[in-house]
Structures are given as structure tokens and as C-alpha cells.
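Reader: I should like to understand the empty spaces and one sheet of this protein. Please begin with the terms.

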Amino acid sequence: MATTSKKTTPSPPCCDSTTTPPPIRRDATSASSLVPQDWKVPSADRRPVVDSLPEPSQTAAAAKTVIPVMLRAQTSHPLDPLSAAEISVAVATVRAAGATPELRDSMRFIEVVLLEPEKHVVALADAYFFPPFQPSLLPRSKGGPIIPTKLPPRRARLVVYNKRSNETSLWIVELSEVHAATRGGHHRGKVISSQVVPDVQPPMDAVEYAECEAVVKDFPPFREAMKKRGIEDMDLLMVDAWCVGYHSDADAPSRRLAKPLIFCRTESDCPMENGYARPVEGIHVIEFEDRKLVPLPPADPLRNYTPGETRGGVDRSDVKPLQIIQPEGPSFRVNGHYVEWQKWNFRIGFTPREGLVIHSVAYVDGSRGRRPLAHRLSFVEMVVPYGDPNEPHYRKNAFDAGEDGLGKNAHSLKKGCDCLGFIKYFDAHFTNFTGGIETIENCVCLHEEDHGILWKHQDWRTGLAEVRRSRRLTDGKIEAEVKLTGILSLGALQPGETRKYGTTIAPGLYAPVHQHFFVARMDMAVDCRPGEAFNQVVEVNVEVEKPGEKNVHNNAFFAKETLLRSELQAMRACNPQTARHWIVRNTRTVNRTGQLTGYKLVPGSNCLPLAGSEAKFLRRAAFLNHNLWVTPYTRGEMFPGGEFPNQNPRVDEGLATWVKQNRPLEETDIVLWYVFGITHVPRLEDWPVMPVERLGFMLMPHGFFNCSPAVDVPPSTCELDAKDNDVKDNGVAKPPQNGVLAKL
């Protein structure tokens, strides 16, 4: 949850690369296309035209008379997040569709997001409707393409909760250029479909958090229970609503439930006080019961973390300013949500559930042109199970994306704090519970980040060295990094009590052991043009050669590849003992050595769930049992625990059920689901705010290029003289020594 569990910041991949490898022969079969022959690149002087976009099943028979046409620019790319105006239109359209005033008044809007179009629509938009206009995205053939004069209208997908009936429904609303702005307060959308989803509870909302706190504080038995603990001022109390999960039929989705965690500040007039330092335990709030009188922990003098309130009351004064200066500006260019970063290009997206989404990742590779890598990259779930079997901690199993929303918990970034240097910000819009618009200004930041040495070599004969500095992704890698920080979710101890399920961090306070798991969904497209599905996944393990004739020196080992042919075979775990990794390869494209081109998934530090196989939270999180899952792309398969994990009574919904079809993977449109996590045994140094701990993984080129894509990165220019940088111990600049050649 946002308040008591540690927050994470998935870092957006920064793309910056330059290279021009020699052209590589593409197998003749790779030019074949799974999209209609009508969509081929036209000749220079003729463009057949139709009024609207044909479906993939249509043929060239639908073509109209050939006439020249100037295509009108579209205001919103098919993958752009919904604007505030579009969200307002979608909400108004659904509300107006309510049959009665009572029904309309009881509508609560959980989520309003873009209904992302089919991939062929995106390809057409990128080819002919939006800069930089890339007709090469669509394969060539005789006869030329059918080019529509406009793209299909954008659509919004809404999750709506009815407070009166306790029903959840899904709505699809069509928007258009006219629909994108309201006139006189009237809606301009069109309902395409609506359906009630039975036996589910949607994510909770901030309005419900506030309602829960107010209800609990006004409940007379609760006030009496707090009076026993010496607290009568309700303003001292903080009530944080957590989703209850599903532990028994009492948690069934027939009721909308929350499990409040209660904390108590020492001063009601000090809003910056760390109230999480005094948990209130012994009170069961779902069906109220004061089960056990646990005294409040004493006020910890080290609990606060705001300026001037830390230990000793004085912040350190020996930290000098650090400035990131880019006098010529950044190396990236931004047009709307489209980003070009040297030879990389991609689109920025955002949803209330996932947060940052990266679309259409590609690399412009000299004469080979635009080479796709992935259709869509995002974090689709985060699960935090706690290891203490005592009340209330055994119920702490937050699904931060599915029960709450990673995007909804994002905050506005401030220059100089979260990001440094030349920064491009993107705002995020989403709906609140009542259908109003919430805007997070500067929600996503895009900036270049120095990352130390990229590569270096010194020739011992000449004493000369070549060195290049790295900016993220200069060497062709895509890095996914999660930064864990925030305030520990604590428990209270009886005087003299200790617990083996956590760490005592202050008198009467302990932090339970727990794990953090993240799920990255990667819809891959390695060297696949639109309509092509030519990817496969191989697992690589390093094996030791058996002693004998082939290994007389007992030093031999080699990398062994195994093709993952089906979904059940592709349920895999990390294995650092064999340096296990996985490669997504194009089955019809080779590099200069004749090997298939690919990108490999390189795991970082990782773990699996430590809870027993019968743990209740694993009913909803069976996807945590393997670090890697591979599925063929199927529209609608988006979230590993299903769309509605909150109070979900069904077992193994989502990814664990989808793979039972055991669909083939040998040559298809591949989706990787990578599950990575960390086991957190808290330490005193994690209090009162945990310093950042990093974990993640990399997508690294493996035979994708003919040589290092980083060899043509120019040397860095020195902005300051050596005398300004070379500082002695006493702070006085040291003069440079001329004529000295250091040699190791």
C-alpha cells in the first residue's frame, strides 16, 4: 500500500546509442507478411485511398479509385494516453447511459484508460500519420497499399463500481476528434459495449481510504478501545486501509472490505511527525473486536526524517552542491509522447495501474533501417507478502498494482531531487472515484544519466588509453531498475517481548521480514516488422565438461542452449550456478556469422516465495512460483493474477491458468513475464526511512549487432581544466604535472 509498505520507483529506460554496423543479409522469407497485401508501401507517384482502416481480413478488393491525397495530421497517436478531455467525455458518456438517476449517482469510476488498438493500427499510424513517418514499417509488394484517410476513433475502457448494487462493470466508449472536447457540458462519446463482471471487487480508491478512516474513528467501540490505551484525541490516529486479500469465505467479494492498520502520533499539531513509529495492535477492525490490549510503544526519538527533525535535530552541513550541466541540451528529442534518443526511438505511455509504459521500442541501424525490439514494456504487478504469522501481519499481502495502482501512487517529481540535468516531464491524467479528473504534473521525467565508464582500453606498449563514458543504454542494453525506499511497516511488542519473524529496531517496535516481488511484462518483437511473428526463446545454461579425453585439464565448460517449445516447458527459475539466462531470437534473421539475431534477458539478484505452498496469498499469486513465464501474445492477457485480484476467491487465475493451454512457442509473437524479487530482513539502518536498495534485470543484445554498438561513441569533452578538478586534501587545487606519462 502507499503509506506503510515501501514505495518503489521503476526507472524509465533511458535510450542513447550510436552505431552503424555493416548490412546483414535477411532471409528471403522474412519479407513475407502476415498483414494484408493491401498495406504495402506505395509507388512514389500513386496512393490508393479508402475512407477508413480495413480490418486485417479484408483484401485489395476494397480499394477505391487511385487518386493523390494529402493525409491530415492526427491530433493523438493511437498509443497516446487519454487526455483529460477524453477522460471527461468517457465518464460523461457512461454516466449518461445509466437508466435511472439513482444508478447514475451510485457510479464510482475506478479506472479510465486508453483501449489500446490492434498492432496493425499502430503500424499504419507510424507509417503514414505521425512523424517521423516510417513507411518502411510496412512490407513492400506489388500493387501498393490501401491507405485510409483517417485512423479509427480512439476508444476508452472504463472500470465502474456501483456502490448500491456492489457490481463491477466494464465499458468501452468510442471517442473521435469531435468527441475529444466537451461542448456546453454535454458528452460526445458513444457506448460500444458494457458488461457486468460477476464475483469481483475492483481496486480501492483514495476516497475510500478517507471514508474508512472516518468510519473507524467515529465507531464508539473503537473510541472505547483507544481510551483503554490512553488515547482520546482521534486526531492523533492514522487509519490506513489495506485490502483484505482472500483468506476464507468471510472475505468473499459479496462485500467490499478493507483491513485498516492503525497508528498513533504523539502530537496532533505536528503533521510531519512519523506516526508509523507507533502502531496500534490488538484491535481487529473488519468485524470489530478488541482482542488483546497491547500497550502503545514509547515515542522513538529517532522516528522523524524531515529537515531539522532528524537525530540530533541538526542536518549535516558538509555536503557541497552537485550540478549536472548540459550546455548544448540533451541528446534526445521529444515530439508529444514520441522519443528519439540517438538511434533509439520509443513512445511513452502511462496507466493508473501500471504507471510508466514504454511502447514500440526500436533501434535505427544504418542501412538495415528501423529494427524493432519490443511492442510494449511495463510492470504489471507488485506483491509484498509478510512473513509474520501473527495478527495483523499475516494479512499483509499487498498487490500494489491490482489492488491499488502503481500509477495512482505516483507523485509529482521536483527538479533537483528525483531527477537531475536537462529534464523533459510528462503529466499523467486519470479519474478519481467520483469521475473527476486528477492530474499529476511532472509525473514522468526523461533525462540522460551518466553511468560511469562505458568501455576502456590501455595499450601497455604506447601508454595510451581510450575511454568512453556511459549514458544509460549507450551499449544497446535496456535496463529495468527498481529502487526500494520508504518507511517500514512496523509491529508493536509487549514489554520484554521479541519475535523471530522480524527485527527489533526500537523499544517496543519491530519490523517483520517480508519480500517484494515485481512482474515485468515484455511483449517482444526482436527484428519483427508489423505482422511478423518470428520470435522464439532459448534457455542458456553453462555446463562443466566431464573429465576425460575432451577435458584432460579439467578446466572445460561451455554454454548449452535449449529451445523452449511450449508454455509449460517455459516455466523457469533463475539459476546463478549455471549462469542461466534466456535469449529471444528472430528465427529468420541472421548476423554476419550466420547466427540468429537476438536479445537476452539477464537476471539480476532474485528469489522465490519463502511462504509454504498452502499460503493463502499464493492462491492469487501463483505466478510468483516461477521467475520466467513465456506466452504467445493474446489480446486481453495483461495481468498475471487476473484483472481483479482484490478479494479474489478463485485459485490460480491469470497466468498460471493461461499456460495450461500449453500453446506452442517455437515461432510466434512472444511475451516474456519476468518475476523478480528481494527478501528484506530489516536492519536498524532502514529506520526511519530505508535508503534506496536496487534490483532489476537487463535486456542485452546477443548477436543482434555485428560488433559492439558502442565503439563509435565519441570521447567525452572535459568542461573544466585539470587544475579545477584536481583537489588536494586541504581543498587547494593541485597544478598539473607536465611531461609525465603514467604507465602501468
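Author: On a 1 Å grid over the protein atoms alone, a cavity is a set of points where a 1.4 Å probe fits but cannot get out; lining residues have an atom within 4 Å of a point. Grid points are joined across faces, edges and corners, and a volume is the space filled by probe spheres set on the points. This is a predicted model, in which local features need pLDDT of at least 70 and side-chain atom pairs pLDDT 80 or more, while totals for chains, interfaces and linings use all residues. Residues are numbered from 1 along each chain as its sequence is written, and side-chain values use heavy atoms, without hydrogens and water.

Reader: What is the volume of the second largest cavity?

Author: The structure holds five cavities of 30 Å³ or more. The second largest cavity has a volume of about 100 Å³.

Reader: Between which domains does the second largest cavity lie?

Author: Its lining includes I110, V159, R353 and F644. Domain bounds come from an automatic or database domain assignment. Both of the following give residues to the lining, so the cavity lies between them: domain 1 (84-117 + 152-197) and domain 3 (340-702).

Reader: Which strands stand at the edges of the sheet β8-β9-β10?

Author: Strands are DSSP runs (E, at least two residues), numbered from the N terminus, and two strands pair if DSSP finds at least two bridges between them. The three strands form an open antiparallel sheet in the order β8-β9-β10. Each edge strand has a single partner, so one side of each is left without a neighbour in the sheet; these strands are β8 (237-242) and β10 (279-280).

Reader: Which residue of β10 stands opposite F263?

Author: Strand β9 (residues 259-264) pairs with β10 in the antiparallel sense over two bridges. Opposite F263 stands P279.

Notes
On a 1 Å grid over the protein atoms alone, a cavity is a set of points where a 1.4 Å probe fits but cannot get out, and a pocket is an open set with protein on both sides within 12 Å along at least five of seven lines; lining residues have an atom within 4 Å of a point. Helices (H or I, at least four residues) and strands (E, at least two) are DSSP runs, numbered from the N terminus.
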